Amino acid sequence: KPKDKQSFEDWLESTSITLTQVNGQRKYGGPPTGWRGPAPGPGCEVFISSIPRDVFEDCLIPLFQTVAPLYEFRLMMNFSGQNRGFAYAKYGRPADAEAAIRALHLHPLRGGMCLIVKMSTEKRQLCLGELPAGVSEEALLTVLRMVSDGVRGVTVRVAGPRGKATSALVFYSSHYAASMAKKVLVQAFKKQYGVSISVRWFSGSSKPRHDESEEEGALACPGPKPVGQALLTAASFQLARSAFRDPHPQLFSRVVGGPAPQASSGEAVPHDAVGRLRRLCELYGLGLPIYDVRYHHTSADGFLCVSYSVLVPGLPMPFCGVAQVLPGPSTNTTEEEARRTAAEQVLKVLTTTLVS
């Protein structure tokens, strides 16, 4: 509507706010001018849906700023100039994101519509389908890093008759990096390599979560299973099992925290779980573990509830689970504690699964 458009333009001019349009989304901040402090960690972003198509940042940003200063606000847009009905607001602290949910979930807007405000899942994993048969992880990783930013790791899966159905799970450093990659990968592969691939959000279950239904189809491709269930395919289990049997059985026992052998190899073993897991992966050529830790909520007794995914490049699937950790004096300290907890769980699984 002309009146809404004029109101939006007047707001931009009066506030001197800068919005940047990139690949179907309009972004404020990330960080905004004058922001002090580090970039937000996990658990600081909320997902907003049920936004009327003619409501824009001049209404939404001031509304969400009433809770706490915004680090970033992203409104999804289509080519006609309307919004797509959902947005993301990122704050400086998890407590601010939780406060926004309490204050603004079901907040009424024009026409009787109410906003839906929930914690963002901050998805960082994409499923690539219809890849050329025989593509290696190394080659695919190289290509992905040439055409997209923030690639942390990749796992290739082969299925179907004679291994012709090839797909991959790609891990990105942030939701924003994954979102930008999702918008460009199909065209990049087609233009530069003449290959038609499919790209979908990775979903660990057949039921989409609250913000997956708003995106263009989250794909429940074969993926991580919780710790305590089977974590390796049969073929991969045998491969990994044989790799861990030799050539360093005594050092393996020391690395995973088992009884010290009578004849020490003389190699120093790290005391913390993250260091022991890294050393174990180095010993057997599995590559360095990649951690993805996400905050979900704070329990009534003050523990931070987090989910984690630990990708060991030499194994076909990531280790996934949930944990409770005590909040530290900073976001970095809390993330380090969550990584230690995740590493301990992975070491337990490797110990019981691979050397039993």
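Here are some friendly notes on the structure above, point by point.

1. **Before you start.** Please keep in mind that this is a predicted model. The chain has 356 residues, and 48% of them are buried. Along the chain you can find 9 helices and 15 strands. Contacts that link distant parts of the sequence matter for your picture of the fold: of the contacts between residues at least 6 apart in sequence, 62% join residues at least 24 apart.

2. **The largest nonpolar core.** This core has 56 residues, and the members that touch the most others are Ile48, Phe64, Phe73, Tyr91 and Leu277. Which helix gives the most to this core? Helix α9, residues 331-354, does, with 7 residues. As background, nonpolar side chains in soluble globular proteins tend to be buried together.

3. **Phe64 as a place to look.** Try selecting phenylalanine 64 in your viewer. Leaving aside residues up to four places away in sequence, phenylalanine 64 touches Val46, Ile48, Leu70, Phe73, Ala89, Tyr91, Leu104, Leu115 and Val117. Apart from the core that holds Phe64 there is another one, with 24 residues, including Leu126, Val154, Val156 and Phe189.

4. **Helix α8.** Is this helix mostly enclosed or mostly open? Helix α8 covers residues 273-283, and 9 of its 11 residues are buried, so the rest of the structure largely encloses it. The buried ones are Ala273, Val274, Gly275, Arg276, Leu277, Arg279, Leu280, Cys281 and Leu283. You have already met Leu277, one of the residues with the most neighbours in the largest nonpolar core.

5. **The two ends of α8.** At the start of the helix, aspartate 272 has a side-chain oxygen within 3.4 Å of the backbone nitrogen of valine 274. Just after the helix comes glycine 285, with a positive phi of about 65°.

6. **The second largest pocket.** This pocket holds about 450 Å³ of space. Its lining is made of 23 residues, and those nearest the centre are Pro40, Lys90, Arg124, Ser173 and Ser174. Sorted by class, the lining has 11 charged, 7 nonpolar and 5 polar residues. Four elements each supply at least two lining residues: β4 (70-77), α5 (175-193), β13 (290-298) and α9. Helix α9 thus appears here as well as in the largest nonpolar core.

7. **The cavities.** How many cavities of 30 Å³ or more does the structure hold? There are 2. The largest cavity has about 50 Å³ of space, and its lining residues are Arg124, Gln125, Arg152, Phe171, Tyr172, Ile290, Tyr291 and Asp292. Two elements, β9 (165-172) and β13, give two or more residues to this lining, and β13 gives the most, with 3 residues. By class, the cavity lining has 4 nonpolar, 3 charged and 1 polar residues. Arg124 is worth a second look, since Arg124 lines this cavity and is also among the residues nearest the centre of the second largest pocket.

8. **Glu138, buried or exposed?** Glutamate 138 sits in helix α4, residues 137-147. Its relative accessibility is 58%, and the cut-off for exposed is over 50%, so glutamate 138 counts as exposed. Glutamate 138 and valine 154 are 16 residues apart in sequence, while their C-alpha atoms are 8.6 Å apart in space. Val154 itself belongs to the core of 24 residues.

Notes
Residues numbered from 1 in each chain as written. Predicted model: local features only at pLDDT ≥ 70, side-chain atom pairs only at ≥ 80, totals over all residues. Heavy atoms only, no water. Buried < 20%, exposed > 50% of the residue type's maximum accessible area, 1.4 Å probe, protein only. Polar contact = N/O pair within 3.5 Å; in protein donor to acceptor, adjacent residues only side chain to side chain. Core = buried A, V, L, I, M, F, W, Y, C linked by side-chain atoms within 4.5 Å. Contact = heavy atoms within 4.5 Å. 1 Å grid on protein atoms, 1.4 Å probe; cavity = no way out; pocket = protein on both sides within 12 Å on 5 of 7 lines; lining within 4 Å. Points joined across faces, edges and corners; volume = space filled by probe spheres on them. Nonpolar A, V, L, I, M, F, W, Y, C, P; charged D, E, K, R; others polar.
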